[in-house]
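Trainee: I should like to study this structure by asking questions in turn. May we begin once it is displayed?

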Amino acid sequence: MPNADKYEQVVTRFSPNPDCVLHLGSARAIILSHEYARLYKGKFVLRFEDTDPKVKKPVLEFYDRIREDLDWLGCKADEECIQSDRLPIYYEYAERLLREGNAYVCTCQPEQFRKKSLSREPCDCRSLSAEENLERWQRMLEGSYSEGEAVVRVKTDMKHPNPAVRDWPALRIIDAAKYPHPRVGSKYRVWPLYNMAAGVDDHLLGITHVIRGKEHLTNQVRQEYMYRHLGWKYPEAIHYGRLKITGAFLSKSKIVQGMSEGVYTGWDDPRLATFAALRKRGITPGAVKKMIVDVGPKTADVTLSWENLYAYNRKILDPDSKRYFFVSEPIALKVKNVPKAFRAKLPLHPEKPELGFREYTVTPKGEDEAATFWVAKRDGDAAEVGNTIRLIELFNVKIDGVNADSLEASFASEAYDEARKAKAKLIHWIPKSSEVPCQVVMPDATVNEGIAENACKKLKSGTVIQFERFGFVRIDQVVPKLKAYFAHK
RNA sequence: GCUCCGGUAGUAUAGUCCGGUCAAGUAUAGUGGCCUCUCGAGUCACGGACCCGGGUUCGAAUCCCGGCCGGAGCACCA
């Protein structure tokens, strides 16, 4: 990180607008800010930028949701601040800028100003005296101007090559009665804009390193004028590129829109790339973190693929996820001539016997000494009469008949070696009446109906397990019905 | 249109500042083998990239110029 050693203590911040839940798009800002702060034994600040009660109105529930997301990511803030608590501070600096002739209250129509600005000309308000400006400022606060009639502009350079930099607006009026703020209500009618609020706070909070998206590049140029006016030094700034992930949109507005239209089941709908959704699916924060740290802070845009995230996640999950059987779209498999009762001891993890086992007893019944199992339709479809199939850790069977929704077979042998010799397919199974209904919600929000083995009843919600030959899932609820979310293969 | 960024395999990244050791490393994905009582993990091998064109140089992914492509900003949003 640039010039980290020049500062006594590195201070970074993450500053979301609480108008939506967090998603992967914010991951870079959060994780890099947090990791750098940790790396240099500094401080990481969470700052809620909720200064627009009108266009990007904050919503109370998101303040907490954002805190939860940060905790989940392991990026808990050392300090927190909320901009809507700090209006008097912004007023103070606005006044100072006005008093010192570095800002003015502009009453021009926005289009008018734009026109002037585009031709590099100052508007009439620019040359007002400090006294007049302070007077106008008082009127802004008191309510003599209504929404849109006056705005405080910070003086920059009307001839700056980038028109976006020229005398940018710092505070504006919002009809407080019409657009109350969820936290402070109608208490204020003059609200700071991003560059004013963020600029003042970055300095006052002692932020040494600002890590944000490159869309803020010109905001740095704008704010530097204000910093010069105030005699401050601008922090180090790192602007990273946009982050996309194939197949998901990382746009707050689209997420919010989809939510209000009811297309999603919640902020954690598996189709969304919100942290809440990732969490629900069993994507670990460690995987997200690793991926983001690997991507780093470069300015080029990146398009991540889910496969990459899954690979990181699998690496974390595989070593200690317990294994269970889940039969998707179950069909019955009847095996005849089972010579005796079998007891299958299935390890919960193939490489870690110390994690334990689950056991099932299979007892032949009736005249034909039959045992019945549930197997996946997919395996049934692949079966052919005459083939040998091995029921994992149990025995081998020979297929006698294939029907649309059931299979007939007869006992072939017990030894695993026999199955290997016959190149038999290994399939998973659940003894009939040892099953529990189970739904698996897939990443596209479709539901895979099936059954899980009885042992799953003892799982705790929140546990991530692997359904063998199916994929990693996170158990979401156990009662009244087993429900899991699919993570990945 | 104006003002800025950026472009290394399918994806992501290392190398670019301070030219040679880069006929380009790594991860993941792909293919093939081995291993494994999971379609998971492991393991071995293979295939795959410096946007294009000029220039400087003994030598350029790295420096310079031009082009092309991509992105961002140009809000009384953050």
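Trainee: How many nonpolar, polar and charged residues does the surface near RNA strand B have?

Mentor: The model is a predicted one. In it, 57 residues surround RNA strand B. By class, the surface near the strand divides into 20 nonpolar, 14 polar and 23 charged residues.

Trainee: Which element gives the most to the surface near RNA strand B?

Mentor: Among the residues that surround the strand, the closest are E49, A164, Y194, A300 and R469. The elements giving two or more residues to this surface include α4 (110–118), α7 (217–230), α10 and β11. With four residues, the element that gives the most is α11.

Trainee: Why do the buried residues of α10 line one face of the helix?

Mentor: Helix α10 covers residues 285–295, and its buried residues are A287, V288, M291 and I292. A residue counts as buried if 20 or more other C-beta atoms lie within 10 Å of its own. Seen down the axis of α10, the buried residues line one face because they fall within an arc of 125°.

Trainee: Which elements do the buried residues of α10 pack against?

Mentor: The buried residues in question are A287, V288, M291 and I292. Their packing partners are α1 (27–39), α2 (60–73), α9 (275–281), β11 (302–304) and α11 (306–317).

Trainee: How many residues of domain 3 are in contact with domain 2?

Mentor: The domain assignment of chain A places domain 2 at 330–431 and domain 3 at 435–488. Their centres, taken over C-alpha atoms, are separated by 22 Å. Five residues of domain 2 are in contact with residues of domain 3, and the latter number seven.

Key
Residues are numbered from 1 along each chain as its sequence is written. Chains are lettered from A and ligands numbered from 1 in the order in which they are written. This is a predicted model: local features need pLDDT of at least 70, side-chain atom pairs count only at pLDDT 80 or more; totals for chains, interfaces and linings use all residues. A residue is buried if 20 or more other C-beta atoms lie within 10 Å of its own, exposed if 12 or fewer, and partly exposed in between; C-beta atoms are placed from the backbone. The arc is that of the directions from the helix axis to the C-beta atoms. Two residues are in contact if their C-beta atoms, placed from the backbone, lie within 7 Å. A residue is near a molecule or strand if its C-beta atom, placed from the backbone, lies within 6 Å of it. Ala, Val, Leu, Ile, Met, Phe, Trp, Tyr, Cys and Pro count as nonpolar, Asp, Glu, Lys and Arg as charged, and the others, Gly among them, as polar. Domain bounds come from an automatic or database domain assignment.
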